[in-house]
Amino acid sequence: MNAKTIVVKFGTSMLTSGTKRLDPAHMIEVVRVLSVLAKKGHHIVVVSSGAVAAGREVLGYPDLPRTIANKQMLASVGQTFLMNTWQKLFEIYGLHIGQILLTRADLEDRERFLNARDTLGALIANDIIPVINENDAVATAEIKVGDNDNLSARVAILSDADMLILLTDQKGLYTADPRSNPDATLIRTVEKITPEIKALAGDSVSGLGTGGMATKLQAAEIATRSGIEVVIASGDDPRIIESIVDNNYVGTSFKPESSPLEGRKAWILSGPKPRCSIVVDAGAVRALTANGSSLLPKGITRVEGDFLRGDVVNISSADGRVIAHGISRYTSAELNAISGHKSEEIENILGYEHGQVAVHRDDLVILE
Ligand SMILES: Nc1ncnc2c1ncn2[C@@H]1O[C@H](COP(=O)(O)OP(=O)(O)O)[C@@H](O)[C@H]1O
Ligand SMILES: N[C@@H](CCC(=O)OP(=O)(O)O)C(=O)O
């Protein structure tokens, strides 16, 4: 079996079964299925909505409050309740969970993006299930991703996922909103998200969810462009997750446009020309160009310019040729300190380490 990394997003509509409170009886079914997949060796990442709904339940708010501060209060109270519920349920199956609350800034700033990626990677590597939501209690409209469909697409990229599953209260994307169009039919496969496809998607009308099908299509577009397959399906019967992972198609599936690696390399080349450089010795040039290796600190002779972790930089040879562009895992100051040293010495020199390589081969595009 091929172990996959799978991001599963649960909408409020599904977690509440359309009511005004979380439905733990339904959530335990979800957790049972996720634990089976985790025990088979798959890596599961959960994106969970439902904080505001849970806050309403705990505090007994029948309707959504008008003021932002009061909505954030509901999110704050509800997030604890939501996580507590997930934690108790996963515990039954012997699995640990780890909470990550994100805002847009965590995804747009390269340094914070890398930190979030490292934390997610550490949770995944230790078989801990990350449970992610937007940090609603502090994120106002200007700094919000805004909906968990878009958030889950970004989380899928952060976690190098193979697949993103969006579970909701409909079987998938229909030719029109099935709530108001009983004749609408389910679309099984979408090869490309065209303006015509987008025009089929309406907003959420339940008063529970955010964004309806429109934000799910935005998410599908972001993820498929990065090489991640996306499935929108109904969460009524959580066993559907197993079928989807086993490639028994249910719901609506969206084909990836490129491989994840191609997506990342396209991103590296898409930015402005890097202004800073890591200068490497002849051995490192050979290792990168002929062997497809990562760049180790040992092969670095010099660093030009000031850059941060996550910046795209030139990798240059001693005679000034730019041989590659790559994402640096260390700042220029850190590389100055560790250049010429063995990877095992990084922790001794810096007092910490962000991994053994200065630039990982998946983050390198060779230009010659
Ligand atoms: N073309 C469509 N196909 C399916 N559902 C649609 C479509 N257009 C709008 N919708 C609406 O999107 C809703 C799901 O989105 P939403 O309420 O935000 O749920 P969630 O909480 O799962 O994110 C459905 O209940 C449906 O009414
Ligand atoms: N972050 C919010 C959910 C936002 C959201 O996109 O909701 P949904 O459309 O139900 O996935 C919460 O936890 O209440």
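# Two domains, one open sheet

With 19 C-beta neighbours inside 10 Å, Asp160 counts as partly exposed, because a buried residue needs 20 or more. Asp160 sits in the loop that links helix H7 (148-158) to strand E5. Its phi is positive, near 50°, although Asp160 is not a glycine. The model described here is a predicted one.

**Domains**

The domain assignment splits the protein chain into domain 1 (5-257) and domain 2 (265-366). Their centres, taken over C-alpha atoms, are 35 Å apart. Five residues from domain 1 and five residues from domain 2 make the contact. On the side of domain 1 that touches domain 2, three residues are charged, two are nonpolar and none is polar.

**The eight-stranded sheet**

Which strands stand at the edges of the open sheet? The eight strands run in the order E3-E4-E2-E1-E5-E7-E8-E6, with mixed pairing. Strand E3 (97-102) and strand E6 (189-190) are the edge strands. Each has a single partner strand, so one side of each lacks a neighbour in the sheet.

Strand E1 (residues 5-10) pairs with strand E2 (residues 43-48). The two are parallel and share six bridges. Within this pair, Val8 has Val46 of E2 as its bridge partner.

Helix H9 (residues 212-225) lies across three strands: E5 (163-168), E7 (229-234) and E8 (252-254). The angle between H9 and E7 is about 155°.

**Loop residues**

Most residues other than glycine have a negative phi. Asp127 departs from this, with a positive phi of about 55°. Asp127 lies in the loop between helix H6 (110-125) and strand E4 (129-134). Asn247 is also a loop residue, placed between helix H10 (240-245) and E8. Asn247 and Pro195 are 52 residues apart in sequence. In space, their C-alpha atoms are 27 Å apart.

How exposed are these loop positions? The table gives the counts.

| Residue | C-beta neighbours | Class |
|---|---|---|
| Asp127 | 13 inside 10 Å | partly exposed |
| Asp160 | 19 inside 10 Å | partly exposed |
| Asn247 | 9 inside 10 Å | exposed |

Asn247 counts as exposed because its 9 neighbours fall within the limit of 12 or fewer. Asp127, with 13 neighbours, counts as partly exposed because that limit is passed.

**The PUA region**

An unreviewed UniProt entry lists residues 276-359 as "domain: PUA". Over residues 276-359 the chain is 24% helix and 24% strand. The end C-alpha atoms of that stretch are 14 Å apart.

Is strand E11 (residues 312-316) largely enclosed or open? Four of its five residues are buried, so E11 is largely enclosed by the rest of the structure.

E11 has pairings with strands E9 and E12. Strand E9 (residues 277-280) runs parallel to E11, joined by three bridges. Ile278 has Ile315 of E11 as its bridge partner. Strand E12 (residues 322-327) is antiparallel to E11, with five bridges between them. In that pairing, Asn314 stands opposite His325 of E12.

E11 and E12 also form a hairpin, with five residues between the two strands. Gly320, in the turn, has a positive phi of about 90°.

Notes:
Residues numbered from 1 in each chain as written. Chains lettered and ligands numbered in written order. Predicted model: local features only at pLDDT ≥ 70, side-chain atom pairs only at ≥ 80, totals over all residues. Pairing = 2+ DSSP bridges. Contact = placed C-beta atoms within 7 Å. Axes fitted to C-alpha atoms, helices over the stretch in contact; angles between N-to-C directions. UniProt positions renumbered as here; feature names shortened; annotations may be inferred. Domains from an automatic or database assignment. Nonpolar A, V, L, I, M, F, W, Y, C, P; charged D, E, K, R; others polar.
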